[in-house]
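Welcome! Please take a look at the sequence and the fold below, and then let us walk through them together.

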Amino acid sequence: AAAALSVWVSIAADNKIVITSKNPEIGQGIKTSLPMMVAEELDCDWSQVSVVQSDYNPKLYGRQCAGGSQSTPQNWLLMRQSGAAARAMLLAAAASKSALPAGELTTDKGWVLHKASGRKWSYGELAALAATMPAPDLAKVALKDAKTFRIIGKPTVGVDSAKVLRGGKNALIDLKGA
């Protein structure tokens, strides 16, 4: 079973990461771009990620709408902070498990690393323990410098592109009365 680190991030023991996308996808690519923001700050490999669409629940997810090109600017900071918070919880779990100072640990593509000793732990190994760690204050989590981005700003196939191309997903224009 996957361990939920937040409403946005769940990580299974096999190192598979599920990121929840909150805004409705109507062809603008937001179901891909919002999770990319989370994944970037989580510091995982995009190939580890699968994306699920959230239910409509503004109490849990905040504003959930499409239109006006506002999804990215309104969620940019929150999505990044949420990924960074999950990363901080994974670092705390590794520090707890190894008795190493969290400040000596780093992350890279779904791994927590202790460079001095060569030790490393996959996110999947740490997820259950990380889920028990207190969530950090989102306003205080350290965010990556844009110069180090490996996911944001890189060409990425949309998470539903194959379904759309095969006609397996309705587009907004397909909905009658919309």
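Which residue of strand 3 does I11 stand opposite? The partner of I11 is I17. Before going further, please keep in mind that this is a predicted model.

## Strand 3 and its neighbours

That pair belongs to strand 2 (residues 9–11) and strand 3, which are joined in the antiparallel sense by three bridges. Together, strand 2 and strand 3 make a hairpin, with five residues between them. In the turn of this hairpin, N15 has a positive phi of about 80°.

Strand 3 also pairs with strand 4 (residues 49–53): these two run parallel and are joined by five bridges. Here T20 stands opposite V52 of strand 4. To get from strand 3 to strand 4, the chain passes through helix 1 (residues 30–42), and the resulting β-α-β crossover is right-handed.

How many of the five residues of strand 3 are buried? Four of them are, so strand 3 (residues 17–21) is largely enclosed by the rest of the structure.

## Helix 3

Now follow the chain to helix 3, which covers residues 71–98. With 28 residues at 1.5 Å a residue, helix 3 should span 40 Å, and its end C-alpha atoms are indeed 40 Å apart, so the two values agree. Helix 3 nevertheless has a kink of about 35°, centred on L77. Just after helix 3 comes A99, with a positive phi of about 60°.

## The sheet of strands 5, 6 and 7

There is also an open sheet of three strands, in the order 5-6-7, with antiparallel pairing. Strand 5 (106–108) and strand 7 (119–122) are the edge strands, each pairing on one side only. On average, neighbouring strands of this sheet are turned by 30° against each other, direction ignored.

Strand 5 and strand 6 (residues 111–114) are held in antiparallel pairing by three bridges. Within this pairing, T106 has L113 of strand 6 as its bridge partner.

Two helices meet this sheet. Helix 3 lies across strand 5, strand 6 and strand 7, and runs at about 130° to strand 7. Helix 4 (residues 123–130) packs on the sheet as well, touching strand 5, strand 6 and strand 7, with its direction at about 70° to that of strand 7.

One residue to look up in strand 6 is H114. Is H114 buried or exposed? H114 is buried, because its relative accessible area is 6%, under the 20% cut-off. Leaving aside residues up to four places away in sequence, H114 touches L100, E104, L105, R119 and W121.

## Two loop residues with positive phi

Most residues other than glycine have a negative phi. Against that background, here are two loop residues to find in the model.

| Residue | Phi | Loop | Relative accessible area |
|---|---|---|---|
| D43 | near 70° | between helix 1 and strand 4 | 6% |
| K109 | near 50° | between strand 5 and strand 6 | 39% |

Which of these labels, buried or partly exposed, fits D43? D43 is buried, since its relative accessible area is 6%. K109, in contrast, is partly exposed, at 39%.

Note on methods: Residues numbered from 1 in each chain as written. Predicted model: local features only at pLDDT ≥ 70, side-chain atom pairs only at ≥ 80, totals over all residues. Heavy atoms only, no water. Helix = DSSP H or I, 4+ residues; strand = E, 2+ residues; numbered from the N terminus. Expected span 1.5 Å × (residues − 1). Bend = angle between axes of the 7 residues up to and from the residue. Buried < 20%, exposed > 50% of the residue type's maximum accessible area, 1.4 Å probe, protein only. Pairing = 2+ DSSP bridges. Right-handed = clockwise from strand over helix to strand, strands pointing away. Axes fitted to C-alpha atoms, helices over the stretch in contact; angles between N-to-C directions. Contact = heavy atoms within 4.5 Å.
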